[in-house]
Amino acid sequence: MADQPADKKLFENLSGAGKAIGVLTSGGDAQGMNAAVRAVVRMGIYVEAKVYFIYEGYQGMVDGGDNIVEVSWESVSSILQVGGTVIGSARCKEFRTREGRLKAAFNLIQRGITNLCVIGGDGSLTGANLFREEWSGLLEELAQSGKIEEEAVKKYVYLNIVGMVGSIDNDFCGTDMTIGTDSALHRIIEVVDAIMTTAQSHQRTFVLEVMGRHCGYLALVSALACGADWVFIPEYPPEEGWEEQMCVKLSENRARKKRLNIIIVAEGAIDSHNKPITSEKVKDLVVQQLGFDTRVTILGHVQRGGTPSAFDRILASRMGVEAVLALLEATPDTPACVVSLSGNQAVRLPLMECVQMTQEVQKAMDERKFCEAVRLRGRSFENNLNTYKLLSHRRPDAELPKTNFNVAVLNVGAPAAGMNAAVRSAVRVGITEGHNMFAVIDGFEGFARGQIKEISWGDVGGWTGQGGSLLGTKRTLPAKYLEKIADQMRANNINALMVIGGFEAYLGLLELSAAREKYDEFCVPMVMVPATVSNNVPGSDFSIGADTALNTITDTCDRIKQSASGTKRRVFIIETMGGYCGYLANMGGLAAGADAAYVFEEQFDIRELQANVEHLTEKMKTSIQRGLVLRNENSNENYTTDFIYQLYSEEGKGVFDCRKNVLGHMQQGGAPSPFDRNFGTKISAKAVQWISKKLKETYRKEEGKVFANTQDSVCLLGMRRRNLLFQPVVDLKDQADFVHRIPKEQWWLKLRPLMKILAKYKTSYDVSDSGQLEHVARHSPKEAETGAI
């Protein structure tokens, strides 16, 4: 790896030599826990610490013996794609007593373990914190009873604890996403998509019960992601008289020729008097009041099962590495902390602050202060709720404001899963804001041909779960059609433009912006929402469609690896899409546990290829059976996928054989992942609200028209670190490499050493960007409108 600049803080001076780390999973299991365990073990060994599995959670810690075992690098091989937790989890009553904790302390001291990494929910983490506070007292007691030497008391005087939250409910305050939540959403959405086809056939109503005894996150986000008719969550009970309102809404939807209704109920749903609302109660109500054919589906433990999603694997791997760094940097004065993600930033938060805030949510709900409960859940939760309310309930025409502005929406570039969710959201928010919404078919080419039609609320029903682009999309840029597009904008009196697409969409807006001098028609607010599987748009860390493509790559890699089980040692060379952008190859490699990922952004030569082959050959001489190498399609014009395949085949003779796969267009297809549906829905809603604001600002009353010709009236809405930001497209020119169609700086390159470390390479890892201890932010209601996704 290249020499690091002097100002970078590298962790090579953070040595774990002489330290012992214990890792345990506790409480309810969650997909992705194994990825976290794998990362802790490998990072721990990398920094020369001893790492121990503590089997069966706190029970294993109390029982000791074979439950606490030192592990090696190979111990965590092939567990990345496995759901649940391979080291077991159990609820332990004994650990709640001081006697139990005394036994646990004794068992840890026997092995010199004074660093604990706990993966679990708030109960598990609270228990860990109590254990840490009592630690010195427990050691004193053990020394007095003669079980340990006085020397041991001095030597092991402090216990360091770092927590990672593994919980499918996403019920822990201070963290954007807990390990397992995204995978649980995948399970729910798979079921909803399957149910929708049968419900449509029979004109049925389905009531789906999802997990969430105290937190409605899963119910709320799955309702957003599938466009459910109604959702019941504990934090936001329906108003008095909800029964009648719900039935009116369901029958209105049927009257609009909608053949199915979906109602989602969190298992802990309550009414405003704190009385439970059960799925059976909802079903009986619909049958009695409306006579609709209604079925109940309780998802239960299906939501905990299955393989972890790409997001959860990457989240857990990043958190595992971060947890080891936090343990190495811990001092007796640092509080027990939780490692977490905020936006795409790693953060460390004081454990007890998070626990306290989580408990405050429950207290607020018990006291029926529901607005307070929603606020305490955080900006992201509040944003989800506001967006859901905006999109699900259509207000009567008489109640809608009337602006008489015409807003056009179009897709540009290659199709990306989630584009349709973005269009649906834009159309519905636009109608709610009082605009007339127009859909442009087939991008700028269709625009020039006049393929424009007004689109209504009902026209976009059921669009969230559809892959591809229902409006049609083309890569054509507007430059050669400027006059025709200007004519169409004038003919249809288009006052604002929303473009959903990839790098072509960005180039298109630059061209329209430059053409304003010649054509007044383009002097209107324009906004771009990034949507491309390549994730190569400047100004945004994420784009709609990239998460779906990443899951496709991860699933395919899992299957390909599995295809070799039982055969001799084998290495797979897999080519991913992305143009010159290595995002899919790099993140796919991290999620699938690859040994190497070749990308354009980090040039490689024959020496590096040779080193990779030798490294793999050495690994294959151990118990490891399979290797995985990813290559971005344009990473190098001479070192092609065929070349790398032939090189590995030749050099690996006698040790392993090789196979190659080009994944191709399957990465652009498929139903959108929950993340892409949700991201597309929320980012699009925000974009339309910006358009409304700009239309008000730029409307010239005396001329009766909109005139916007400032740079800040042509923006790209992107996610940067923790926030959604509107950035003028002209300002982003300096940040783009137009020859290779990629941003000049890409955040995910910082994760490359992470993949190398987890694949047993020696490398330097810049920790200047790793999480610093922060306090849990309490935000004002206003912040929810401006901030996080």
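**Sheets, helices and cores in a predicted model**

In this predicted model, alanine 596 sits opposite valine 629 of β20. That pair belongs to a parallel match between β19 and strand β20 (residues 626–632), which is held over 3 bridges. Zooming out, the two strands are part of an open sheet of 4 strands, laid out in the order β19-β20-β18-β21 with parallel pairing. At the edges are β19 (596–598) and β21 (657–662), each of which pairs on one side only. Neighbouring strands in the sheet are turned against each other by 20° on average, direction ignored.

Helices lie across this sheet too. Helix α19 (residues 583–592) lies across β18 (570–576), β19 and β20, and runs at about 165° to β20. Helix α21 (residues 641–651) lies across β18, β19, β20 and β21, with an angle of about 165° to β21.

Tyrosine 583, a residue of helix α19 (residues 583–592), also turns up in the nonpolar interior. The largest nonpolar core has 152 residues, and Tyr583 is among the members that touch the most others, along with Met164, Ile262, Ile264, Met498 and Ile500. Helix α10 (residues 310–329) supplies the largest share of this core, with 13 residues. There is also a second, separate core of 51 residues, including Leu108, Leu116, Phe172 and Met357. As for tyrosine 583 itself, once its neighbours within four places in sequence are set aside, its contacts are Ser534, Asn535, Phe542, Ala546, Leu550, Gly588, Trp747 and Trp748.

Next comes a pair of helices. In general, two packed helices are described by the angle and the distance between their axes. Here, the axes of helix α3 (residues 98–110) and helix α4 (residues 122–144) come within 9 Å and cross at roughly 75°. The two are therefore roughly perpendicular to each other. On the α3 side, the contact is made by Arg98, Arg101, Leu102, Ala104, Ala105, Phe106, Leu108 and Ile109, while α4 brings in residues including Leu130, Phe131, Trp135 and Glu141. Sorted by class, this contact has 12 nonpolar, 1 polar and 4 charged residues.

Helix α7 (residues 217–226) is mostly covered, with 10 of its 10 residues buried. The buried residues run from tyrosine to cysteine, with Tyr217, Leu218, Val221 and Cys226 among them. What does the covering? The elements over the buried residues of α7 include α6 (181–202), β6 (205–210), β7 (230–232), β8 (261–266), α13 (379–392) and α22 (674–698). Just after α7, glycine 227 takes a positive phi of about 70°.

Strand β13 (residues 436–440) tells a similar story: 5 of its 5 residues are buried, so it is largely enclosed by the rest of the structure. Both of its faces are covered, with Asn436, Phe438 and Val440 buried on one side and Met437 and Ala439 buried on the other. Its partner is strand β12 (residues 406–412), and the two pair in the parallel sense over 4 bridges. Within that pairing, valine 409 stands opposite alanine 439 of β13.

Finally, a loop residue: serine 167 is found in the loop between β5 (160–165) and α6. Is serine 167 buried or exposed? Its relative accessibility is 10%, so serine 167 counts as buried. Apart from neighbours within four places in sequence, serine 167 is in contact with Ala30, Thr178, Ile179 and Thr181.

Technical notes
Residues numbered from 1 in each chain as written. Predicted model: local features only at pLDDT ≥ 70, side-chain atom pairs only at ≥ 80, totals over all residues. Heavy atoms only, no water. Core = buried A, V, L, I, M, F, W, Y, C linked by side-chain atoms within 4.5 Å. Buried < 20%, exposed > 50% of the residue type's maximum accessible area, 1.4 Å probe, protein only. Contact = heavy atoms within 4.5 Å. Axes fitted to C-alpha atoms, helices over the stretch in contact; angles between N-to-C directions. Parallel < 35°, antiparallel > 145°, perpendicular 65-115°, else oblique. Nonpolar A, V, L, I, M, F, W, Y, C, P; charged D, E, K, R; others polar. Pairing = 2+ DSSP bridges.
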